[in-house]
Amino acid sequence: MIEPKHIDRGVGPYFCAIRSLIALLAGALPASARAEFAVNLPAPASALAQQIFDLHTTILWVCLAILIVVFVPMAIALIRHRRAAGHPAAKFHDNLKVEIAWTLVPVLILIAMAWPATRLVASMKDTSKSDLTIKVTGHQWKWEYEYLGEDIRFISNTSTPTTQIDGGQSKGEHYLLEVDRPLVVPAGQKIRLVLTSSDVIHSWWIPAFGVKQDAIPGFIREAWFTVDKTGTYRGQCAELCGVGHGFMPVVVEVVGDGEFAAWKQQQKALVAAATAGATKTYALAELKALGEKVYGANCAACHQPTGMGIPGAFPALSGSKIATGDRSAHIDRVMNGKANTAMAAFGAQLSDLDLAAVITYERNSWNNATGDLVQPADIAAQRSGSAK
Amino acid sequence: MNSDAIALDDHSHAPSGVMRWLTSTNHKDIGTLYLCFSLLMFFFAGALAMLIRAELFQPGLQLFQPAVFNQLTTMHGLIMIFGAIMPSLVGFANWQVPLMIGASDMAFPRLNNWSFWLLPAAGILLISTFFVPGGALAGGWTMYPPLFIQGGIAYDIAILAVHILGVSSIMGAINIIVTILNMRAPGMTLMKMPMFVWTWLITAFLLVAVMPVLACAITMLLADRNFGTHFFDAAGGGDPVMFQHLFWFFGHPEVYIMILPAFGIVSTIIPTFARKPLFGYVSMVYAVASIAFLSFIVWAHHMFTTGMPLGGQLFFMYTTMLIAIPTGIKVFNWVATLWRGSISFETPMLFALAFVFLFTIGGFSGLVLSLVPVDIQLQDTYYVVAHFHYVLFSGSAMAIMGGVYYWLPKWTGHLYDERLGKIHFWLTAVAFNITFFPMHFLGLAGMPRRIPDYALQFADFNRIASLGAFLLGASQLLWLYIVIKCVRGGAPAGNQPWDGADTLEWTQTSPPPYHSFVIPPLVK
Amino acid sequence: MQAPAEYAAHADVYYVPPPSIWPIVGSVALLTLAAGFVMVLHQMAAGPLLMALGAAILLVMLCGWFGAVIRESLSGKYDAQVDASFRWGMVWFIFSEVMFFAGFFGALFYARNVALSMLADAQLLWPGFTAAWPTAGPGMKTAITPVEAWGIPAFNTLVLLSSGATLTWAHRGLQRGRPLQLKLGLALTIALGVLFIGLQIHEYGAAAFTIRDGIYGATFYLLTGFHGFHVLLGTVMLSVVLMRSLAGHFTPARHFAFVAVAWYWHFVDVIWLLLFIFVYCL
Ligand code: HEA
Ligand code: HEA
Ligand code: CUA
Ligand SMILES: [Cu+2]
C-alpha cells in the first residue's frame, strides 16, 4: 500500500501570483457568496489522490519548461528578425541533425512521464484486499448505496431545495453539493465500490479521493479508496445523464470505527421501522403529505412540480389518463416504468410505502381528484402479483 | 497564361442568378458556398454558446431549464463541429487545392456540388429539431446511449441528419483525394505539393476511413431506438460502452480532421510572412502522416473512466502520448521557419503566430489528459472544455480566420481593412484567453461539464469566462463586418499582395478567372 | 469510339461538366426521404407518402445524373485523365464501404469477445449467466438456435463465388470482343445474384430468431441485412450494365462502368466470405 505523503502544493507560490492577478481582474466585479479562485486540484484526502496531485504538478512543470524552451526562441525571432528592423531573410530550410534531436528528446521526456503514470494506474486498478464492499447504483438522478453482506441499502438524494436553485431563497454553503443521506464509511479502511446503473451512464466522483468511475447499466465496474481523515467529502455525477445531471451530488462521510458501528445499528433500526410501516393503513392526508415529498425528490425533475411535465418530453400527470384512470395500471407504470423511455421502474428504488404515497399524491393533486387511496398493502399485492 | 484563350464547349460563361449557385460545377463557386454556409453556422452555434455562457454567468437557474440548457450545449458542439469547422475547411480545399496544384477544377465537379448541397439539407434537419415536440438533441454531441435512446423524435431526425453529413463528407473527401492524386499540373510531384495540399490529402483519407464507422454506430442507435435491437442494452447482451468505442474510433480522427488542414493553413502563412521557405518540409509531411496513423489507435483516451482493463488503459495512454512527437515536430518546424526570417506582422500572420502558441497550450493540456490517473480526475470537467477550445478555437477556428484574411484578397480581388483586421485579432486573442483560460482552473477545482448550474466555489471564474465570451462574440461581429466590407469593395489586391508567397494561386489574377489553369501550368 | 473533332483539338483539357440540376435535386430527394422516414418511425400519417415522394425524386435524379454521365462518355468527352479519376473515385468509394462493414464486424467482435465475458462476470446483476455464443443476452430468457452454416449459407457462398467467376468470364468476353460471352456472363451473374437474394429471404423467413432477440439477432440481421442490400444494389447496377452492353456502349478498350460494377461485386463477395466465416461458421 502507498503511504499518503504530506500535501505538497508544489506550484503553490506561482498559483498564488496567478490567483492575486485574477482577483485583481475580478475586483471590479461584485463579490459573490464565496470567492475561492481555486486554481488547482482540491486537497487530496487519499493516497491515490495525493499521487495524482503530484503527477499533475510534475507534468505541469515539464510542460512549462518545454513551453519556455520553444517559445523563448520564437519570441527572440519575432523581435530580432523583423523586417521592420531590417533583418534579411536567411535561405536555409533543412537541418537533419536538429530534426533528429527534436524527435528524440521528446521521446525521452515522454518515457519519463509515462513511467510514474503507469505505476499509479496499476495501483488504482487494484481492488483486492478490501475491508468493505459497497454496491453503488446510479439512478436518474440519485445514488443508491448497498452495503454488501449487511442489511443496509438506501437512496441518497440531493437536498438542495428548488427554491435555492431558482433564486427565491439565498443559496446555502453547500449549494448543489448536499444530500439527504450521505454514504458513510469508516476511516482508514480500504473501501471497494462496485458500480452499476439502472438507466443511463452516470459517473461517481469524489475529487478529493481521486476516484471517478462510470456506472454503466448492466455491467459492474470497480473502484476503491482509503481515507484516513474523518470528515465530509463532496463531489457530483460526472457523466451527462439527462436533465438532472447537474443535480446529482455525491457526499461521503468518513467516520471513526465506533461512530460507524453506531451508524450501522441506526440504519438497521430504520429498515425495521420501514417494514413495520408497510403493513399499516394510512389516511389520505398522511399519504398525500408523504407523497408530495417523494414526488419532489423523485418525479418532479421530469413531470415538474406542477404536474404539467414538459410537453413532448415528459407527459403531464395532471389530467393524465393513467394517473386518473385504472389504479393498477397507474401502479404498474410507476413500479415497472416504460421500456426505452426515461420513465424508470421505481419499484426497485422506492419502498411500498413511498410508492403508495406518491401514487396517492398523484391521483389527488393538481387537476386530479380521484379521491383514490393507495395503501402499501396494495403495492405489496401488485408486487407479488407481477412476480409470478 | 491566358485561360480565356480556350472556350470550353458549352459553359464558358458563368450562369447568373441563383442558378449559378444551385447548379454550379465550379470549384470556386462551390468553395464560396461552403465558406458562406460555415460562417452562418459559426454564428448560429456561437450564438448558442453566448446563451450557454449567459446561463452560467452566475449560480442558479436564470434563463433556461436544464432540459433546454442541455440542448444548447449539444447543438452548440454538433453545429460547431459539423456545420462550422468542417465545412469551412472543405471550403478552403475547394478554393485552394485546384489553384495550388494547377488543376482546372475538382476531379468530380458535379459531385462536388452535391457534397455541398447536402449540408443545407442536413442543417435544416438539425436545426428543425429545436421546434419539434420534446426539443432538440440534449444528450451531448457524443450521443452516448442509453441516454440517447430515451430521447424523442429529435434524436431520430438528428441521426438522419448526421447520415447525410456523412455522405457529404465522404463524397467531398473522395473528390479531394482524387483531385490531388490525379489532377496535379505536370511537374508537380507529391513532394513538391504545397503543405496545405498535403494536409488535405491526409485529412481526406481520414474522412473516408472514419465517417463510415460513425454511420455504422448511429445506424445501430437508430435500430436500438426503433427496431427493438439490443446493441447497447446489457439485458440483450449488448453494451453501451461499445457505442463509445465506435464513436471515438470516428471521433478522435475527427479532431485531427479539424486540425490538420489548419496546420496546412498555418504552414502556408508563416513562410510567406517570414519570407523564408518552410523549414523541414519533408519531416512536416511525415509528421502529418504519423499523426493520422496514430489517430486510429488512440480513441479510448476518451474512455478512461469507463473502467477498461489495465492493459487497455496503458496501451491507449502510451499511443496518445506518442502523438506529441509528430505534433511537436510541426511546432518546432514552424519556429525554425521564423528563425532568421524577415518577419512582418500582417493580420494573417498574427493569427498564425497566435495559433502556434495557443495550440501548443491546448496540446499540453491534451497531454495532461492523456495520463490515465490525471484524466480520471479531469475527465468530463471544464478542464476538458478548456483543452478542446484551445485546440478547436485558438487552433482550428483561428487558423481559419487567418486563412480567410490571407486569401480574401485573392478570392475577392480586394484588400481587406488591415487596421480593422488587427483590431479583430487582438480582441479575439485577448477575449479568447479570458474566456477559456479560467476553465482550466474550474476543471481542476472540480466543476463537471454539461451542467446548467454549479456550486458556489465556481462562481468567480465562471463570471470571468462569461464576460470574456461576450467580448469574444462581439469581436466576431467585427470580423463579419470586415469580411463583408472586403467582398463588396476595397483597394485592388493585384495578383500577389503578399511578397513572400510563392504558391501557384498567386500567378492568377485576383480574383482568378472563372476557369483557371484550363491548360495546366508546367511546374519546375 | 470516334471523338468529336473539337475535343481532339485540345485533348489535354480535363472535362469540366456544365452546371447541373441533379445534385440539388438529389439533396431535395434525401431531405424528403429522411423527413418521411422519421415520420414513418413516429407513426405520422404523411410519412409513407413523403418517403415515396423522396424515393421517386431520388430515382429521377439517379437516372438524370447517370444519363448525363453516359451521354458525356459516349460523346467522347472523357479522356484518359478523367477515366483515371473515375477509377480512383471508385477505389476510394469501395474503401469507405469496407470501413462501413468493418464497423459492424467490429461490433460483432466486441459483443462476442469483450462484452459477453464482462456480462458473465457481473454475477451480482445477472446471476447464473454464462458466456456462451450465440446468446440473446442475460436479461432475455430466449435460447437462440442459429442458422445452420452448412445448409443454405454454404450454398449461397457457392452461388456468390460462381457469380464472381461468371462476371470475370463476361469481362474476358468484353475485353476480347466477344459480345455474346459478355451478355451471357452478365445475365448469369444477375441470375445468381437474384438467386442469392431469394435464398437469403427464405432463410430470414425460416430463421428461429428475430432481430429483437438480443445481441445475436441484432448483429446477425444487421450484418447480413446490409450485405443483402449491397447485393441488391449490385444486381441493379449489373442490370444497368447489361442493358448498356445490349445497347453496345462498351468497347474492349473503354468500359469503365463495367469495371466499376465488377469491383463492387467482388467487394460484396469478399464481405460475404467474411460473413460466412464470422457469422455463420464460428
Ligand atoms: C482539434 C482538435 C483536437 C486536437 C488537435 C487534440 C489534440 C490532443 N488531445 Fe484532445 N480533444 C478534443 C480535440 C482535440 N484534441 C476534443 C473535442 C475533446 C473532447 C471531446 C468530448 O468529450 O466532447 C478532446 C478530449 C481529449 C481527451 C479526453 C479527455 C476526457 O474526456 O477525459 C484526451 C485524453 O487523452 C485528449 C488528448 C489529446 C492529445 C494528447 C492531443 C495531442 O494531439 C496534442 C499534441 C500537441 C502537443 C503535445 C503540443 C506540441 C508539442 C510539443 C511542443 C512537443 C514537445 C512536447 C512534449 C515532449 C510533451 N483530448
Ligand atoms: C469548433 C468548435 C467550437 C467552437 C469554435 C466553440 C466556441 C465556443 N464555445 Fe464551445 N464547444 C464545442 C465546440 C466549439 N465551441 C464542443 C464540441 C463542445 C462540447 C459539446 C458537448 O458537451 O456535447 C462545446 C462546449 C462548450 C461549453 C461547455 C458547455 C457544457 O459543458 O455545458 C462552453 C461553455 O462555456 C462553450 C463555450 C464556447 C464559447 C463561448 C465559444 C466562442 O468561441 C464562440 C464565439 C462566439 C461567436 C462565434 C458568436 C458570434 C456572435 C454572435 C452570434 C452575435 C451575438 C453576440 C452577442 C449576443 C454578444 N462551448
Ligand atoms: Cu448522473 Cu450525471
Ligand atoms: Cu481524442
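User: At 12% relative accessibility, does B:His301 count as buried or exposed?
Analyst: The model is predicted: local features need pLDDT of at least 70, side-chain atom pairs count only at pLDDT 80 or more, and totals for chains, interfaces and linings use all residues. Residues are numbered from 1 along each chain as its sequence is written, chains are lettered from A and ligands numbered from 1 in the order in which they are written, and side-chain values use heavy atoms, with hydrogens and water left out. Buried means under 20% relative accessible area, exposed over 50% and partly exposed in between, with a 1.4 Å probe and protein chains only. At 12% relative accessibility, B:His301 therefore counts as buried.

User: Which residues coordinate the copper ion (ligand 4)?
Analyst: Donors are N, O and S atoms within 2.8 Å of the metal (3.2 Å for Na, K and Ca), and water is not among the atoms, so sites may look incomplete. Along the chain, the copper donors follow the spacing H-x48-H-H. They lie at 1.8 to 2.1 Å from the copper ion and are B:His252 (ND1), B:His301 (NE2) and B:His302 (NE2).

User: How many residues apart are B:His252 and B:His301?
Analyst: Both ligate the copper ion (ligand 4). B:His252 is placed in helix α8 (residues 240-274) of chain B, and B:His301 in the loop between α9 (281-295) and α10 (310-322) of chain B; helices (H or I, at least four residues) and strands (E, at least two) are DSSP runs, numbered from the N terminus. B:His252 is buried, at 4% relative accessibility. The pair links distant parts of the chain, with a separation of 49 residues.

User: Where is the residue that serves as the single protein donor to the iron atom of ligand 1?
Analyst: The iron atom of ligand 1 is 4.5 Å from the copper ion (ligand 4). Its single donor from the protein is the NE2 atom of B:His387, 2.2 Å away. In chain B, B:His387 is found in helix α14 (residues 382-412).

User: What area do chain B and chain A bury between them?
Analyst: Contact, meaning heavy atoms within 4.5 Å, takes 102 residues from chain B and 100 residues from chain A. Buried area is the accessible area (1.4 Å probe) that two parts lose on being put together, summed over both. Carbon and sulfur atoms carry 71% of it here, and the total is about 8500 Å².

User: Which side chains form the salt bridge between chain B and chain A?
Analyst: A salt bridge is a side-chain nitrogen of Lys or Arg within 4 Å of a carboxyl oxygen of Asp or Glu. The rule finds one across this interface. A:Arg83, B:Arg275 and B:Asp499 are linked in a salt-bridge network. The pair that crosses the interface, at 3.5 Å from N to O, is B:Asp499 and A:Arg83.

User: How many salt bridges are there between chain A and chain C?
Analyst: Eight residues of chain A are in contact with seven residues of chain C. The two chains bury about 590 Å² between them, 83% of it on carbon and sulfur atoms. On the chain A side, A:Gly218, A:Phe219 and A:Ile220 lose the most area, together 66% of what that side buries. The number of salt bridges between the chains is zero.

User: How many residues apart in sequence are the parts that A:Glu150 and A:Lys268 tie together?
Analyst: The closest N and O atoms of this salt bridge are 3.4 Å apart. A:Glu150 lies in the loop between β2 (142-147) and β3 (152-156) of chain A, whereas A:Lys268 lies in helix α5 (residues 257-277) of chain A. A:Glu150 is partly exposed, with a relative accessible area of 24%, and A:Lys268 is partly exposed at 33%. The sequence separation of the parts is 118 residues.

User: Are B:Arg449 and B:Asp380 buried or exposed?
Analyst: These residues form a salt bridge with closest N and O atoms 3.8 Å apart. B:Arg449 is in the loop between α15 (418-445) and α16 (459-488) of chain B, and B:Asp380 in the loop between α13 (372-378) and α14, so the pair ties together parts 69 residues apart in sequence. B:Arg449 and B:Asp380 are each buried.

User: How many strands does chain C have?
Analyst: From the N terminus on, the elements of chain C run α-α-α-α-α-α-α-α. The C-alpha trace spans about 80 × 45 × 30 Å along its principal axes. Of the 282 residues in chain C, buried residues make up 49%. Its secondary structure comes to eight helices, and the number of strands is zero.
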